[in-house]
Amino acid sequence: MRKNKYNRKKSVYDGIEFDSTLERDRYIFLKDQEKKGVIKDIKLQVNFMLQEGFVSNSIFTKKGNPSKISDITYTPDFVFLMVKTGDCWIEDAKGMKTEPYQLRKKLLLKQLQLEENVYFREVTRENLFVI
């Protein structure tokens with residue numbers, strides 16, 4: 001596997017390609033917790049809409065047409081449910097926290113304020129084995 005610009009090494013486990021060994025290791029831990037009945041319904045790469053795209057009347061293309069502004073989305077590594085409480089956890093395995101990531105995370109956290117029993121966690125090597 002090749003490394004990317006943030007020195008993450010892609011890896012494959014269980015037929016799934018992960019962007020980093022941290023993400024892969026978290027997945028292995030979550031699958032173990034699922035087998036033990038602690039969590040359920042693990043989903044990978046769920047897309048959250050943060051802001052829908054729109055047509056801007058103040059920015060124009062070279063041809064003079066209004067510009068289309070793309071959706072802003074956030075795609076965390078994992079989403080799962082806690083069996084005992086039903087709480088939903090959104091997780092992102094992070095080594096390098098880029099500016100675009102930090103902005104999207106803030107927008108997601110703002111949306112989550114309106115949700116009950118939905119929580120967000122950044123996974124690092126320090127909290128890799130925490131549920």
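**Reading a predicted model: questions and reasons**

Modeller: Val130 is placed in the segment after β10. The structure under discussion is a predicted model.

Colleague: Why does Val130 count as partly exposed?

Modeller: The relative accessibility of Val130 is 37%. Buried requires a value under 20% and exposed a value over 50%, with partly exposed in between. Val130 therefore counts as partly exposed.

Colleague: Which residues does Val130 touch, not counting residues up to four places away in sequence?

Modeller: Val130 touches Arg26, Phe29 and Arg121. Contact here means heavy atoms within 4.5 Å. In addition, Val130 and Leu30 are 100 residues apart in sequence, while their C-alpha atoms are 9.6 Å apart in space.

Colleague: Let us turn to Ser56. Why does Ser56 count as buried?

Modeller: Ser56 lies in strand β5. Its relative accessibility is 6%, and buried means under 20%. Ser56 therefore counts as buried.

Colleague: What does the side chain of Ser56 reach at 3.2 Å?

Modeller: It reaches the backbone nitrogen of Ile59. A polar atom of the same side chain also lies 3.1 Å from the backbone nitrogen of Ser58. A polar contact requires a pair of N or O atoms within 3.5 Å. Leaving aside neighbours within four places in sequence, Ser56 is in contact with Pro66, Ser67 and Ile69.

Colleague: How do you know that β5 and β6 pair?

Modeller: Two strands pair if there are at least two bridges between them. Strand β5 (residues 54–60) and strand β6 (residues 66–69) have four bridges, in the antiparallel sense, so the condition is met. For example, Phe54 has Ile69 in β6 as its bridge partner. The hairpin of β5 and β6 has five residues between the strands, and Gly64 in this hairpin takes a positive phi near 90°.

Colleague: What makes β3 and β10 edge strands of their sheet?

Modeller: The open sheet has four strands in the order β3-β8-β9-β10, with mixed pairing. β3 (39–44) and β10 each have a single partner strand, so one side of each is left without a neighbour in the sheet. On average, neighbouring strands of this sheet are turned by 20° against each other, direction ignored.

Colleague: How many bridges join β3 to β8?

Modeller: Four bridges join β3 to strand β8 (residues 78–82), and the two run antiparallel. Leu44 has Phe78 in β8 as its bridge partner. Helix α1 (residues 21–35) packs on the sheet, where it touches β3, β8, β9 and β10, and its direction makes about 150° with that of β3. Helix α2 also packs on the sheet, touching β9 and β10, and the direction of α2 makes about 160° with that of β10.

Colleague: How does the reach of α2 compare with the expected value?

Modeller: Helix α2 (residues 99–112) has 14 residues and reaches 20 Å from its first C-alpha to its last, close to the 20 Å expected at 1.5 Å a residue.

Colleague: Which residues of α2 are buried, and why are they said to line one face?

Modeller: Tyr101, Lys105, Leu108 and Leu112 are buried in α2. Seen down the axis of α2, the buried residues fall within an arc of 65°, so they line one face of the helix. These buried residues pack against β4 (48–51), β7 (72–74), β9 (88–93) and β10 (118–123). The face turned away from the buried side carries the exposed residues Glu99, Leu103, Lys106 and Lys110.

Methods:
Residues numbered from 1 in each chain as written. Predicted model: local features only at pLDDT ≥ 70, side-chain atom pairs only at ≥ 80, totals over all residues. Heavy atoms only, no water. Expected span 1.5 Å × (residues − 1). Buried < 20%, exposed > 50% of the residue type's maximum accessible area, 1.4 Å probe, protein only. Arc of directions from axis to C-beta. Polar contact = N/O pair within 3.5 Å; in protein donor to acceptor, adjacent residues only side chain to side chain. Axes fitted to C-alpha atoms, helices over the stretch in contact; angles between N-to-C directions.
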